Amino acid sequence: MLTPRSTTALTRRRFAQLSGMAVGSLALPGVARAAAAPDVTLEIAPCIVEASPRHRIRTIGYNGQVPGPLLRMREGEPKSVEIRNRTLDPEIVHWHGLFLPPEIDGAMEEGTPMVAPGASTRFMLTPRPAGFRWYHTHTFAGKDLAKAQYSGQHGFLLIEPRSDPGAYDREVFLALHDWNGHMDGGGDGFMMPVYDVTTINGKMLGFGDPIQVKPGERVLLHVLNSSPTEVHWIAFAGHSFQVVALDGNAVPRPQTVAMLRLAPAERVCALVEMNNPGVWVLGEVRRHVQAAGMGIVFEYANAGGKPKWDQPEELAWNYERFAMQTPAEGARYPVPEEAATGIALTFDAKFMGHGAEEQWLINGKSYPNTEEPVLHAGQRYRLLLKNESADEHPVHLHRHTFEVKRIDGGPELTGLRKDVLLIPAQKTTEVEFTANHPGRTLLHCHQQDHMDRGFMMVFRYA
Ligand SMILES: [Cu+2]
């Protein structure tokens, strides 16, 4: 029944063959202008995700697939990109974790034009920095929990460094997603989305092709949480993860952990030694979430039987262990000499009545009325993120990488570079970045319902 082929577990050679075919197939045979075909084409159109034979989800995806095509680019090598919108709504594609100008970054709040229904756009994109990035839609969903990030518009982008140590035998890309959301009241009267179906690479556990591995292989997992709103916890029965990068950026202290936590838009790169032959489940740690589908089977060559799962006892994740804790330890990651200018941002919610959707506030104001702090190019800034709400928030800064400096009064941290950070509830978290990419720069909560209800602001450059 199940074939060993998996479109998400590709050797480099296999990928080169497939991606060559994919690009070539978009050019009509014999048409002279084929030479001018873009390097990458993303066609946004309705498609069906068959999470299982009983769960066929109508959604919007890229090039008829969810996740969209795996894009590989070489750092600094410009690529031509064409986006075709075959839907009935304006669309936009955000290149998450890249240093792109605001005109093409993919956020209308920064000034990127929307692509009208039926229209196309084409631009050149210089991919950097190297690492595991992704692309996704950046529109408003509001009450329609099939739109925007609730849809299937997400895909992997790997920006290859100029030199790659490549201490692994193969790569596997995994996207975590939640589907069929509806608003439900929490015990506190706040409304939140809940989901019927959860998937990895668009499939529920038991319905996708198993990932085929061999004893002794080193597999580099690239895990993306593309969920519109949910934090996910991932374990791999019989195996552990050596976390080597967070949000695509190498961590100063790689650590071996039993489970991963990924907030919406976060990525983890982890090496797994295939040293425990059998048939195993990689999946959501929380039983009810895995039962809704979030899992995938890894199958060793010549192994048989039912996939096995080990239920962890508790949830565990700590960003701090991947960072250096004193500058002296971190010779490779020196603390910048210049003092950073502080910018205080307080996050809170305004209760709009029992059963109503709350409004999100940054320094007391909701987007589009939020402040527009002015940045000076070359200057270092420290964001003091004071979360006065009862929720944790995956806060994302566009077009820049920040360094995590302090979480809830803990030690000063160095070397942990990210573009999304889950800001704990009722605590203050500090991050720093250098303003080195002039242009409008969006900061927002990556939880779709929160950004839709005001949790966004723009930094301007002087
Ligand atoms: Cu939020």
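1. In this predicted model, E320 is a buried residue, because its relative accessible area is 16% and the cut-off for counting a residue as buried is under 20%. E320 sits in the loop that runs between β22 (295–300) and β23 (341–350). Once its neighbours within four places in sequence are set aside, E320 keeps contacts with Q325, I407, G410, P411 and L413. One of these residues, P411, is 91 residues away from E320 along the chain, and yet the C-alpha atoms of the two are separated by 8.6 Å.

2. The copper ion deserves a careful look as well. Its protein donors are the ND1 atom of H393, the SG atom of C445 and the ND1 atom of H450, and they lie 2.0 to 2.1 Å from the ion. Read along the sequence, these donor residues follow the spacing H-x51-C-x4-H. Because water is not among the atoms, a site of this kind may look incomplete, and the list of protein donors should be read with that in mind.

3. Are the donors C445 and H450 buried or exposed? C445 has a relative accessibility of 0% and therefore counts as buried, while H450, at 2% relative accessibility, counts as buried too.

4. The search for enclosed space gives one cavity of 30 Å³ or more, and about 50 Å³ of space lies in the largest cavity. Its lining is made up of H136, T137, H138, T139, Q149, H446, Q448 and M451. Strand β8 (131–137) and helix α4 (448–452) each contribute at least two residues to that lining. In character the lining divides into seven polar residues, one nonpolar residue and no charged ones.

5. Turning to the nonpolar interior, the largest nonpolar core holds 68 residues, of which L221, F241, L260, L282, F298 and L345 touch the most other members. Strand β16 (residues 232–236) provides the largest share of this core, namely four residues. Apart from this core lies another one, of 19 residues, which includes V93, L98, L100 and L157. As general background, nonpolar side chains in soluble globular proteins tend to be buried together.

6. L221 may serve as an example of how a member of the largest nonpolar core is surrounded. If residues up to four places away in sequence are not counted, L221 touches V172, L174, F241, V268, C269, A270, V272, L282 and F298. Among these partners, F241, L282 and F298 are themselves listed with L221 as residues that touch the most other members of the core.

Technical notes:
Residues numbered from 1 in each chain as written. Predicted model: local features only at pLDDT ≥ 70, side-chain atom pairs only at ≥ 80, totals over all residues. Heavy atoms only, no water. Donors = N, O, S within 2.8 Å, 3.2 Å for Na, K, Ca; no water. Buried < 20%, exposed > 50% of the residue type's maximum accessible area, 1.4 Å probe, protein only. 1 Å grid on protein atoms, 1.4 Å probe; cavity = no way out; pocket = protein on both sides within 12 Å on 5 of 7 lines; lining within 4 Å. Points joined across faces, edges and corners; volume = space filled by probe spheres on them. Nonpolar A, V, L, I, M, F, W, Y, C, P; charged D, E, K, R; others polar. Core = buried A, V, L, I, M, F, W, Y, C linked by side-chain atoms within 4.5 Å. Contact = heavy atoms within 4.5 Å.
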